[in-house]
Amino acid sequence: MGRRYIKKNIGLGNSQPNTIGVIVKPLVTEKMTKITEKMNNRYGFIVLKSADKPLIKRAVEQLYDVKVVKVNTLIAPAKKRNRYTKAGVISGSVPSYKKAIVTLAEGNTIDFYSNI
């Protein structure tokens with residue numbers, strides 16, 4: 001007998017979707033920081049794999065009170081990793097995830113470090 005998994009409802013259809021939990025965390029890496037410095041109105045987020053562009057747009061607009069012009073998404077592939085220990089080589093993998101690069105309207109900014 002297999003286990004049954006309940007798919008989380010992130011909101012589909014004509015009703016207002018539930019945007020809570022769509023954005024997992026903001027991307028604050030060297031590469032994303034360079035993109036943000038080069039183009040002041042682009043920010044990166046890790047989002048749920050099941051989230052589509054309109055849902056990501058609404059989530060960012062509600063969470064940060066900004067106007068989103070464009071959303072680009074990509075799915076980063078899973079990667080194999082090896083660890084060398086006393087017991088031998090342990091193989092594993094890093095799971096795949098979905099990134100969203102959000103372009104904001106002119107004059108809008110997001111400050112990830114305001115609460116620190």
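Let me begin with burial: of the 116 residues in the protein chain, 28% count as buried, and I should say at once that what we are looking at is a predicted model. The chain exposes about 9,100 Å², with carbon and sulfur atoms supplying 53% of that area. In terms of secondary structure there are two helices and six strands, and if you read along the sequence they come in the pattern β-α-β-α-β-β-β-β. As for how the chain is wired together, if we take the contacts with a separation of 6 or more, 61% of them are between residues 24 or more positions apart.

I would like to spend most of my time on the second helix and what surrounds it. Helix α2 runs over residues 53-64, which is twelve residues, and it reaches 16 Å from its first C-alpha to its last, close to the 16 Å expected at 1.5 Å a residue. Within α2, the residues L55, I56, A59 and V60 are buried. Why do they lie on the same side of α2? The reason is that they cover an arc of only 130° around the axis, and this puts them on one and the same side of the helix. As to what that side meets, the buried residues of α2 pack against four strands, namely β1 (23-26), β2 (42-47), β3 (68-76) and β6 (97-104).

That leads to the core. In soluble globular proteins, nonpolar side chains tend to be buried together. Here, the largest nonpolar core has 17 residues, and those with the most contacts inside it are F45, I56, V60, V68, V102, L104 and I110. The elements that contribute two or more residues to this core are β2, α2, β3 and β6, and among these it is α2 that gives the most, with four residues.

V102 is a useful residue to centre the view on. Setting aside residues up to four places away in sequence, V102 touches N41, R42, Y43, F45, I56, V60, V68 and K70. One name on that list, N41, deserves a comment: it is found in the loop between α1 (30-38) and β2, and yet N41 counts as buried, because its relative accessibility is 18% and the cut-off for buried is under 20%. With residues up to four places away again not counted, N41 touches V102, T103, L104 and E106.

Now to the aromatic residues. A search of the whole structure finds four aromatic pairs, and I will describe two of them. The pair formed by Y43 and F112 is edge-to-face, at 5.8 Å centre to centre and with 90° between the planes. This pair links distant parts of the chain, since Y43 sits in strand β2 and F112 in the segment after β6, 69 residues apart. Are these two rings' residues buried or exposed? Y43 counts as buried, at 7% relative accessibility, whereas F112 is partly exposed, with a relative accessible area of 24%.

The other pair I want to show is F45 with Y64, which is tilted, at 5.7 Å centre to centre and with 35° between the planes. Here too distant parts of the chain are linked, with F45 in strand β2 and Y64 in helix α2, 19 residues apart. F45 is buried, with a relative accessible area of 0%, while Y64, at 25% relative accessibility, counts as partly exposed. Taken together, Y43, F45, Y64 and F112 form one aromatic cluster.

Y64 has a few further relations worth pointing out. Leaving aside its neighbours within four places in sequence, Y64 is in contact with F45, I110 and F112. Y64 and N108, for their part, are 44 residues apart in sequence, and their C-alpha atoms are 9.9 Å apart in space.

Finally, what follows α2? The answer is D65, whose phi is positive, near 55°, although D65 is not a glycine. This residue lies in the loop between α2 and β3, and D65 is exposed, with a relative accessible area of 67%.

Definitions and conventions: Residues numbered from 1 in each chain as written. Predicted model: local features only at pLDDT ≥ 70, side-chain atom pairs only at ≥ 80, totals over all residues. Heavy atoms only, no water. Expected span 1.5 Å × (residues − 1). Buried < 20%, exposed > 50% of the residue type's maximum accessible area, 1.4 Å probe, protein only. Arc of directions from axis to C-beta. Contact = heavy atoms within 4.5 Å. Core = buried A, V, L, I, M, F, W, Y, C linked by side-chain atoms within 4.5 Å. Areas by Shrake-Rupley, 256 points an atom, 1.4 Å probe, with all protein chains shown as cover. Phe/Tyr/Trp six-rings, centres within 6.5 Å; stacked < 30°, edge-to-face > 60°.
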